[in-house]
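Q: I'd like a close look at one helix and the parts packed around it. Could you walk me through how it sits, and then follow the thread outward to the charged pairs and other buried helices?
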Amino acid sequence: MGIQGLLPMFRGSTRDVHVSAYAHKTLAVDGYAWLHRGVHACATELGRGLPCTQHIEFCLSRVQMLLHYRVRPLLVFDGGALPAKKATEVQRRAKRDAARRKAHQLLREDSHEAARQAFCAAVDVTPAMAAQLCDAAKARWGDRIDFLVAPYEADAQLAQLARSGQCDGVISEDSDNLPYGVPRTVFKYDPKTGKGEQIVLEDLFNAPEGVNAISIRGWTHDMFVLMCCMAGCDYAESVDGVRVKRAHELVGRYRDFDRVLRALRSKYTVPDDYELKLKRAVLTFGHQTVFDRNANSVAHLTPLSPEHVEEYGPWP
């Protein structure tokens, strides 16, 4: 899902781009994000357990456009469940279950369009779907397309690939790519035209006042991550009344984690466990476990300090 309301804050630094700009280069793609959009084409069939391939063809058409413009696609998929995201996943599972029950009830009432919409909210993208997509892509294009399953979340793995130079950019709809530190992200990719909207992370930090709805000129990346976590993310809920603009105001004024937290507590009702959850969210963006292809082993996105290991133990 990403940080709600983050991307509109940086419209001034967003630029139109065509995927042909990445010809003879590698674009890494959040494969589950494509599948999530693709299941809308056959949500009713999937929800009823019927065989269908429209969601796979949806993704393959997007791959085809990249290959047409001589871009090498690298599809990255989520791996194991991330402990820091457990509460979020429980809530999402409950919502899917409720939507599934509603969908079947609507089918019994012959409300087929309403049932389809409910099934769209109910369908869960699974590893079996990812495997089906990989098999279909391999059969069609062989080694022209590459794949990788992350230890945990694709977002962190995409960041590792981009930051290490193993891909030249990322295609995603998730604003989490920004706090994860992805240098170049293409949002709103349209497979019919090959067009999208690109954000270069460096441009956000260099943009003068007034270019974007909020300015992070002169900020450190740690400050930016803190703002994103305070605004509400998959790893920590926001304090009531605090969204992107208010989080930006607090971090921009106080800059340091402890000072920001003191200021937050002086103005808002802050739950007792909020500080710990916020610290863990910041650590998750900075140090999630990823797979390092060069070393052929798992590693943290950035090394974890001995102090953090001592305080929190091994970090996923």
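How do α9 and α12 lie to each other?

A: Keep in mind that this is a predicted model. In short, α9 and α12 are oblique to each other. Helix α9 covers residues 221-230 and helix α12 covers residues 274-287. Their axes come within 9 Å and cross at roughly 125°. Angles of 65 to 115 degrees would count as roughly perpendicular and those over 145 as roughly antiparallel, so the pair ends up in the oblique class. As for the hand of the crossing, it is right-handed.

Now for the side chains in that contact. From α9 come V225, L226, C229 and M230, and across from them α12 offers Y274, L278, A281, V282 and F285. Sort these residues by class and you get 9 nonpolar, with no polar and no charged ones. If the spacing along the helices catches your eye, the general rule is that an α-helix has 3.6 residues a turn, so residues three or four places apart point the same way.

Helix α9 has another neighbour in α10, residues 244-254. The axes of α9 and α10 come within 8 Å and cross at roughly 140°. That again makes for an oblique arrangement, and α9 passes α10 in a right-handed crossing. On the α9 side the contact uses M223, L226, M227 and M230, while α10 brings V244, A247, H248, L250 and V251. The class count here is 8 nonpolar, 1 polar and no charged residues. Worth flagging: L226 and M230 turn up in the α10 contact and also in the α12 contact.

Staying with α10 for a moment, its buried residues are V244, A247, H248, L250, V251 and Y254. These pack against α9 and α11. Just after α10 comes R255, which takes a positive phi of about 70°.

The charged side of α12 leads on to α11. E275 forms a salt bridge with R265, and the closest N and O atoms are 3.3 Å apart. E275 sits in helix α12 and R265 in helix α11 (residues 257-267), 10 residues apart along the chain. E275 has a relative accessibility of 22%, so it counts as partly exposed. R265 is partly exposed as well, at 41%. Salt bridges that share partners join R265, E275 and K279 into one network.

How does that fit the bigger charged picture? The whole structure has 11 salt bridges. One of them pairs D124 with R96, the closest N and O atoms being 3.8 Å apart. D124 is in the loop between α5 (112-122) and α6 (127-141), whereas R96 belongs to helix α4 (residues 86-108), 28 residues away in the chain. At 34% relative accessibility D124 counts as partly exposed, but R96 is buried, with 15%.

Another pair, R293 and D146, meets in a salt bridge at 2.8 Å, N to O. This one links parts of the chain 147 residues apart: R293 is in the loop between β8 (289-292) and β9 (297-300), and D146 is in strand β4 (residues 146-149). R293 is partly exposed, its relative accessible area being 30%.

Two other helices round out the tour of buried parts. The loop with D124 follows α5, and the buried residues of α5 are A115, A118, F119, C120 and A122. What covers them includes α2 (43-47) and α4, and α4 is the helix that holds R96.

Then there is α7, residues 154-163: 9 of its 10 residues are buried, so this helix is largely enclosed by the rest of the structure. The buried ones are A154, D155, A156, Q157, L158, A159, Q160, L161 and A162. Strands feature in the cover here, which includes β2 (26-30), β3 (72-77), β4, β5 (169-171) and β8. Strand β4 is the one that carries D146 from the R293 pair. After α7 comes G165, whose phi is positive, near 80°.

Back to where you started: α9 makes right-handed crossings with both α12 and α10, and neither contact includes a charged residue.

Notes
Residues are numbered from 1 along each chain as its sequence is written. Side-chain values use heavy atoms; hydrogens and water are left out. Axes are lines fitted to C-alpha atoms, for helices over the stretch in contact, and angles run from 0 to 180 degrees between N-to-C directions. Helices (H or I, at least four residues) and strands (E, at least two) are DSSP runs, numbered from the N terminus. Angles under 35 degrees count as roughly parallel, over 145 as roughly antiparallel, 65 to 115 as roughly perpendicular and the rest as oblique. A crossing is left-handed if the near helix is turned anticlockwise from the far one by less than a right angle, and right-handed if clockwise. Contact means heavy atoms within 4.5 Å. Ala, Val, Leu, Ile, Met, Phe, Trp, Tyr, Cys and Pro count as nonpolar, Asp, Glu, Lys and Arg as charged, and the others, Gly among them, as polar. A salt bridge is a side-chain nitrogen of Lys or Arg within 4 Å of a carboxyl oxygen of Asp or Glu. Buried means under 20% relative accessible area, exposed over 50%, partly exposed in between (1.4 Å probe, protein chains only).
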